[in-house]
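Dear colleague,

I am handing over a structure for you to look through at your own pace. Please open it beside this message, and then read on for the notes I made.

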Amino acid sequence: MSKPIEIRNPWTGKFDYVIIPLPPKLIVQQCNRLRRAQRSWLQLGLEGRIEVLQQWKQAIISGRDKLLETLVNDTGRLSISQLEIDSFLSSIDRWCKLAPELLQESVKDTAISFIELQQTAVPYPLVGVISPWNFPLLLSTIDTIPALLAGCAVIVKPSEIAPRFTGPLLASINTVPILRDVLTFIEGAGETGAALIEYVDLVCFTGSVATGRKVAEAAAKRFIPAFLELGGKDPAIVLSSANLDLATSAILWGSVVNTGQSCLSIERIYVAESIFEKFVEQLLAKVQRLELAYPRLENGEIGPIIAERQAAIISDHLLDAVEQGAVVHCGGEVENYGGSWWCRPTVLTSVNHSMKVMTEETFGPIMPVMPFSTIEEAVNLANDSIYGLSAAVFASSETEALKVARQIDAGAISINDAALTALMHEGEKNAFKFSGMGGSRMGPAALTRFMRKKSFLVKTKNISDPWWFDNMSGG
């Protein structure tokens, strides 16, 4: 029997939940069950799959209160958990609307007059999803929904740090028998995720670079695709012409939303020397308005640090920065209230790239601000990173900002705002460097990456000899 894992509540600090990881034998059984049912799921057709997902959506709405309760217990936050459920429900509608156009078969003429090209695509039978703890519901379903619509069966292994939400989610799945046959969630830690990769046809992983490497290597050994969205150290560049009120508000939001526990968070800020002091002054004024969501969830905007080990990383980064001469203007420490870990929004200056807070993923509400003298210097600083997930550029004109943005090594760059990829899903993007690998999670590719293309080359004329005969014989 697998060893039970005690789960900490980030709000109370108490270990109040237990999961028992599935042993490898039962993981194999689950995968085999889902794989068998996938054939019928595909034969159901897209319209049938859309109808099933809409039934699931209604079941989720009916059980929303319980789902919200468990999400709050998983993360210690209220408003973002509510937003997470809303985003999940809207994503079902969005993909159901887009799928019919994206999954159309096509017939095309070719350069050879008597050959017609017919194209279709077939889904990978079983997709494995390994998701993180910072947005447990949203990031466990962001790949799941398009994969299901493509015709795949899906097995999800959420983070062992935030697993409670799977209970009500599985209850909603069980009310839709057809869906229950092709979708399930299993609990466990890293060993469970590693075992899962051995039995699926494609894996989607969201998490750290270190674990992402292991996933990529395991998938490569099995010769299956791996779509990885890993860490980020997203830079913001504020040019001298920027609107400071807009820039400080956007960067503050992009840095502290979800207590900075997002791979899309702004984690380092580069500001033109001529406006540096004014920028810091305005940023500090806005930071002072934010409060901890304690002792009640509704009290403020800044929730607890979800993962205890992340609290240690944030503390280490802050200590390292201070020891090397960084100036702390507000916040600056991880605090413990009632067993839960908290970090107030922290603004640092006198920072440089010898500090962990400027080079390693902090995953907290930390805003290190560094001046630059030339645009070339700003771009070089932004690109001086092993990460390349997203970024932001602020300037008085779109043209000026885009000129800088085009030089940044990142997959999605917000212009005169921050973390816009969290709000819109149309534009395809790929992660640069160690921030990920594989097809885009945004735009049409987010669905079509779960399918393999097939081409049928149809000869449309009855020709007695092979078409190449005359050319080969010189006639």
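Which residue of β21 does E229 stand opposite? Please keep in mind while you look that this is a predicted model. The residue facing E229 is G436, and strand β21 (residues 436–437) runs antiparallel to β9, to which two bridges join it.

It is worth staying with β9 for a moment, since several findings meet there. From this strand, which covers residues 226–229, A226 and L228 point one way while F227 and E229 point the other way, and all of them are buried. Strand β9 also pairs with β8 (residues 202–206), here in the parallel sense and over four bridges, and within that pairing C204 stands opposite F227. Together with helix α10 (residues 209–222), β8 and β9 make a right-handed β-α-β unit.

These strands belong to an open sheet of six, with mixed pairing, whose order is β7-β6-β5-β8-β9-β21. Because β7 (183–185) and β21 stand at the edges and each has a single partner strand, one side of each is left without a neighbour in the sheet.

A second place to look is strand β16 (residues 366–372), where six of the seven residues are buried, so that the strand is largely enclosed by the rest of the structure. Strand β11 (residues 266–272) pairs with β16 in the parallel sense over four bridges, and I269 of that pairing stands opposite V369. Strand β15 (residues 346–349) also runs parallel to β16, joined to it by three bridges, with L348 standing opposite P368.

Turning to the nonpolar cores, you will find that the largest has 70 residues, and that those with the most contacts inside it are L53, W56, V127, L149, L179 and L183. Helix α4 (residues 79–102) gives the most to this core, namely seven residues. If you would like one residue to follow, take L179, which, leaving aside its neighbours within four places in sequence, is in contact with W41, V52, L53, W56, L148 and I173. Apart from this core lies another, of 63 residues, which includes L252, V287, L348 and V351.

Finally, there are the aromatic rings, of which a search of the whole structure finds eight pairs. In one of them, the rings of W11 and W342 have their centres 5.6 Å apart and their planes at 75°, and because planes over 60 degrees apart count as edge-to-face, this pair of W11 and W342 is edge-to-face. Since W11 lies in the loop between β1 (5–8) and β2 (15–19), whereas W342 lies in strand β14 (residues 340–343), the pair ties together parts that are 331 residues apart in sequence. The relative accessible area of W342 is 0%, and because buried means under 20%, W342 is buried. Ring pairs also link W11 and W342 with Y294 and Y337 into a cluster. Elsewhere, a ring meets a charge: the charged end of R452 sits over the ring of Y124, at 4.3 Å from its centre.

With best wishes

Note on methods:
Residues are numbered from 1 along each chain as its sequence is written. This is a predicted model: local features need pLDDT of at least 70, side-chain atom pairs count only at pLDDT 80 or more; totals for chains, interfaces and linings use all residues. Side-chain values use heavy atoms; hydrogens and water are left out. Rings of Phe, Tyr and Trp (its six-membered ring) pair if their centres lie within 6.5 Å; planes under 30 degrees apart count as stacked, over 60 as edge-to-face and the rest as tilted. Buried means under 20% relative accessible area, exposed over 50%, partly exposed in between (1.4 Å probe, protein chains only). A charge sits over a ring if NZ of Lys or CZ of Arg is within 6 Å of the ring centre and within 35 degrees of the ring normal. Two strands pair if DSSP finds at least two bridges between them. A crossover is right-handed if, with the strands pointing away from the viewer, the path from the first strand over the helix to the second runs clockwise. A nonpolar core is a set of buried Ala, Val, Leu, Ile, Met, Phe, Trp, Tyr and Cys residues joined through side-chain atoms within 4.5 Å. Contact means heavy atoms within 4.5 Å.
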